[in-house]
Amino acid sequence: MSKILVIGKGNVGGALEGRFAAAGHEVTAVNSAVAAAEVARDAAAADVVVLAVPFAAVAGLDPAIKSALSGKVVIDATNPLAPDYVSLTVGHTTSGGEEVAKALPGAKVAKAFNSVFANHLATGAVNGAKLFLPIAGDDEDAKKTALELATELGFDAVDAGPLANARYIEPTIELLIQLAFVQGQGTGIGLTLVRG
């Protein structure tokens, strides 16, 4: 059992809060209405912190929260989506995951849970097929923790290499958004990895 703090109580944060609690972890979830000192205290007590806030909000986290995240395993579930959701704000030379790591010096950042629609966080699968969940990170402990948690939640969690590979992971959600909303396929879709 891990002590997990989820920062963000929207679609992604709320879904992960429920799944982690159902899996037997001790979960605390906070939103922007919670005082920074309280969030920092919860972060200091946590084994794992999941960032499920808008990507742009990470840079503006209170210094006390950033300080409390130093040395912690931080799972970055954010995506650098433009306000209209139909493009990314970074890519090619950096990624949201790398920018999160820069904004949180000392944190052990792993990129995970950002490449699936929030409605699939409840099962980790679509029609019984486990969803492919690539996980990137430079810190092996953080990546191992994210892989274990994702597998526990029913995903086909795969080590996708260093955090720089978030540059390739983050566009997958944009592709799914385009398919779901622009091409009209809806959010009942996801990606699987076939092995031969």
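Strand β8, which covers residues 132-137, is largely enclosed by the rest of the structure, because 5 of its 6 residues are buried, where buried means under 20% relative accessible area. This description, like everything that follows, refers to a predicted model.

The partners of β8 can be taken one at a time. Strand β5, made up of residues 108-111, pairs with β8 in the antiparallel sense, and 2 bridges connect them; Lys111 has Ala136 of β8 as its bridge partner. Strand β9, residues 156-159, pairs with β8 in the parallel sense, here over 4 bridges, and Phe132 stands opposite Asp156 in β9. Between β8 and β9 the chain passes through helix α6, residues 140-152, and the β-α-β crossover that results is right-handed.

A second unit of this kind can be followed at lower residue numbers. Strand β1, residues 3-7, and strand β2, residues 26-30, run parallel and are joined by 5 bridges, with Ile4 standing opposite Val27 in β2. Together with helix α1, these two strands make a right-handed β-α-β unit.

From the strands and helices the reader can turn to the spaces left between atoms. Rolling a probe the size of a water molecule over the atoms shows where empty space is left. In this model, the largest pocket holds about 730 Å³ of space. Its lining is formed by 28 residues, and those that lie nearest the centre of the pocket are Val12, Pro54, Asn79, Leu81 and Tyr85. Three elements, α1 (11-22), α3 (55-59) and α7 (166-182), each give two or more residues to this lining, so that α1, the helix of the β1-α1-β2 unit, appears here again as a contributor to the largest pocket. Sorted by class, the lining of the largest pocket contains 19 nonpolar and 9 polar residues, and no charged ones.

The second largest pocket encloses about 270 Å³ of space. It is lined by 15 residues, and the closest to its centre are Ile7, Asn31, Ser32, Val53 and Leu61. One of these, Ile7, falls within the residue range 3-7 of strand β1, which links this pocket to the strand already described. The lining of the second largest pocket divides into 9 nonpolar, 5 polar and 1 charged residues, whereas the lining of the largest pocket has no charged residues.

Note on methods:
Residues numbered from 1 in each chain as written. Predicted model: local features only at pLDDT ≥ 70, side-chain atom pairs only at ≥ 80, totals over all residues. Heavy atoms only, no water. 1 Å grid on protein atoms, 1.4 Å probe; cavity = no way out; pocket = protein on both sides within 12 Å on 5 of 7 lines; lining within 4 Å. Points joined across faces, edges and corners; volume = space filled by probe spheres on them. Nonpolar A, V, L, I, M, F, W, Y, C, P; charged D, E, K, R; others polar. Buried < 20%, exposed > 50% of the residue type's maximum accessible area, 1.4 Å probe, protein only. Pairing = 2+ DSSP bridges. Right-handed = clockwise from strand over helix to strand, strands pointing away.
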